[in-house]
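I opened a fresh notebook page for a structure I had not met before. Here is what I looked up, in the order I went through it.

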Amino acid sequence: MALINEGATQGYSAVVLPILKSNTSSLTLNEMETLFFASTVSITPLIGSLICLITMHYGRQCTMIVCGVTFSLGWILIASSYNVIQLFIGRMLTGISIGLASPSIEIYLSEISIPAWREFATITPNIGVSAGVLLVYFLGFIAQNNWRLIAAFFTIPSITLVLCNIFFLRESPMWLLLKGRKEAAKIALLRIRGLLQETIEFQEEFTRMMNYNTLTNDLKTSENCQIASSLTTEIGQKSFLMNVSSKLKSIRRIILLPEVWKPTVILNFYFFFQRFSGTYVIIYYCVDIISRINITIDPFLITVIVGIIQVVFNIISACCSMRIGRRSISIVSGTGMSISLGVLAVYLQFFEDTGVAAIPLICILFYVALGAYGFFSMPWSMIPELYPTKYVNFLGPLTIIVALLYDYIVTQLYPIMITYNRNGTIYFYCIMSIIATIFLIIVLPETLGKTKTEIEEAFRGKLQIDETFKKIEDAY
């Protein structure tokens with residue numbers, strides 16, 4: 001439910017901005033307000049991610065309840081807006097909810113899934129997001145002049161999210177173990193697995209969880225001893241400045257751990273290329289992009305087709321991730337996006353006058369399909385996989401904050417770039433896709449079939465990126 005809301009929030013601007021910019025709506029937005037309306041869901045999730053840093057310490061379940069309440073308030077305010085300020089407040093609340101939903105759900109699914117199904121489980125959130133985008137596109141097609149009704153509809157999944165978390169969902173057993181609540185963790189895992197009593201398989205799984213929790217708590221490296229405990233040094237033992245200095249040094253030592261800085265570099269660059277290759281621009285500005293490349297079919301109908309393609313290829317990606325892994329999917333996705341954007345850019349520059357409207361349409365749909373297959377979903381699903389559980393509460397939201405900053409920059413730049421040079425904008429996204437593919441070929445590790453312990457050990461050992469970043473590590 002949270003992810004359907006997230007997708008709906010992202011796609012809402014694509015279907016309602018044409019209405020809000022017209023004189024037929026009860027509320028009308030000018031150019032500045034239109035830009036803010038589209039980009040606010042790129043910047044306000046930063047606030048949600050900062051709040052998530054706090055709520056995650058009280059549990060994954062708590063974070064998702066706060067997320068559901070915030071989504072509900074946001075959609076209600078949008079649906080009942082009587083002025084632009086109220087509309088923007090509602091829009092900001094739904095944006096904040098995205099920042100709460102993204103890390104908490106990915107981490108929760110990773111922590112409750114067994115290794116054999118982890119690849120599938122951690123990619124299903126992207127199916128939910130795509131379903132939300134499709135749903136809002138579909139509602140925009142059948143109710144093109146009623147943006148209030150569209151907003152009111154999404155209060156239903158928002159309220160359902162709150163009720164499900166209160167009455168049905170169980171807290172993450174891994175989080176409970178990290179908090180030292182062994183018996184509560186065992187009961188939660190029993191309920192999640194649908195068991196009434198312990199089985200041999202259950203005992204083996206719970207033992208593995210216990211062993212991993214012990215390993216993450218006791219692990220020491222030659223340069224870092226008891227880093228986590230040093231972050232909570234008692235203020236009474238040192239002066240304020242000494243205590244702050246000690247904490248900063250501890251944070252620095254954490255960042256320099258190979259199992260921390262290596263996935264941080266990989267994921268932050270992956271998110272950078274994801275955003276700057278245009279995968280999210282087409283969600284926010286789908287109708288505008290279709291109109292600008294002179295596709296004569298109803299753009300609202302095309303948005304529905306785009307939404308269907310995203311859902312279908314996210315499902316295909318989830319199935320393939322269990323067989324061929326994240327790395328291969330990402331490389332195929334980047335290659336396909338590069339080809340489709342390259343063909344589109346060349347067509348628009350040299351052959352647009354031929355009037356073959358099918359070519360840009362095919363290129364856009366192919367780009368959407370290959371983007372949904374890999375780039376749209378993979379970096380999100382790899383957050384709980386690559387980051388150590390001990391630090392994911394902190395690193396997950398921070399990575400999403402950085403990704404959202406990229407998102408805000410991209411959504412602000414698109415109207416300027418497309419107005420100044422339409423073809424140059426397509427070429428830019430194409431070049432970024434090519435660079436991204438090369439980057440992933442060089443540095444992205446495969447996680448298929450590996451446990452969290454094995455992934456962390458791999459980062460502490462030899463990886464492909466070791467040679468690339470050896471000088472950086474040696475400098476410290």
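The entries below go from the whole chain down to single residues.

**Entry 1: the whole chain**

I began by noting that this is a predicted model. Next I asked how many helices and strands the protein chain has. I found 25 helices and zero strands. The chain runs to 476 residues, and 56% of them count as buried. For the surface, I read off an accessible area of about 20100 Å², with 68% of it belonging to carbon and sulfur atoms. I also checked how far apart contacting residues sit along the sequence. Among contacts between residues at least 6 apart, 81% join residues at least 24 apart.

**Entry 2: T40**

I picked T40, and found this residue in helix α2, which covers residues 31-43. Is T40 buried or exposed? Its relative accessible area is 1%, and a residue under 20% counts as buried, so T40 is buried. I then listed its partners, leaving out residues up to four places away in sequence: T40 touches P45, R91 and M92.

**Entry 3: V392**

My next stop was helix α22, residues 389-420, where V392 has its place. V392 is buried too, at 2% relative accessibility. Which residues does V392 touch, not counting those up to four places away in sequence? I wrote down R60, I107, E111, I383, P384, Y387 and P397. I also looked at S104, which is 288 residues from V392 along the chain. The C-alpha atoms of S104 and V392 are separated by 10.0 Å.

**Entry 4: one face of α24**

I moved on to helix α24, residues 452-460, and asked which of its residues are buried. They are K452, I455, E456 and F459. Looking down the axis of α24, I saw that the buried residues fall within an arc of 95°, so they line one face of the helix. I added a reminder for myself: an α-helix has 3.6 residues a turn, so residues three or four places apart point the same way.

**Entry 5: a nonpolar patch**

On the surface I found a nonpolar patch formed by I159, L163, I166, F167, F168 and L169. Together these residues have about 620 Å² of accessible area. I took a second look at L163, which is found in helix α9, residues 155-167. L163 is partly exposed, with a relative accessible area of 43%.

**Entry 6: cysteines**

How many disulfides are there? My count came to zero. I checked C319 as an example: the nearest cysteine sulfur belongs to C320 and is 6.8 Å away. A disulfide needs the two sulfur atoms within 2.5 Å, so C319 is in no disulfide. C319 is partly exposed, at a relative accessible area of 41%. I noted C430 as well, which is buried at 8%.

**Entry 7: salt bridges**

I counted five salt bridges, and wrote up some of them.

One of the five joins K186 to E198, with the closest N and O atoms 3.6 Å apart. K186 lies in helix α11, residues 182-192, while E198 is in the loop between α11 and α12, and the two are twelve residues apart. K186 counts as buried at 18% relative accessibility, whereas E198 is partly exposed at 34%.

I then turned to E205 and R193, whose side chains meet in a salt bridge at 2.4 Å, N to O. E205 is in helix α12 and R193 is in the loop between α11 and α12, again with their positions twelve residues apart in the count. E205 is buried at 9% relative accessibility, and R193 is partly exposed at 26%.

Last came D407 and R275, with a salt bridge of 3.6 Å, N to O. Why does this pair tie together distant stretches of sequence? D407 lies in helix α22 and R275 in helix α15, residues 258-276, so the bridge ties together parts that are 132 residues apart. Both D407 and R275 are buried.

Conventions
Residues are numbered from 1 along each chain as its sequence is written. This is a predicted model: local features need pLDDT of at least 70, side-chain atom pairs count only at pLDDT 80 or more; totals for chains, interfaces and linings use all residues. Side-chain values use heavy atoms; hydrogens and water are left out. Helices (H or I, at least four residues) and strands (E, at least two) are DSSP runs, numbered from the N terminus. Buried means under 20% relative accessible area, exposed over 50%, partly exposed in between (1.4 Å probe, protein chains only). Contact means heavy atoms within 4.5 Å. The arc is that of the directions from the helix axis to the C-beta atoms. Patches are made of residues with over 30% relative accessible area and no salt bridge: like charges are joined within 9 Å, nonpolar side chains (Val, Leu, Ile, Met, Phe, Trp, Tyr) within 5 Å. Accessible areas come from the Shrake-Rupley method with a 1.4 Å probe; for residues, only the protein chains shown count as cover. A salt bridge is a side-chain nitrogen of Lys or Arg within 4 Å of a carboxyl oxygen of Asp or Glu.
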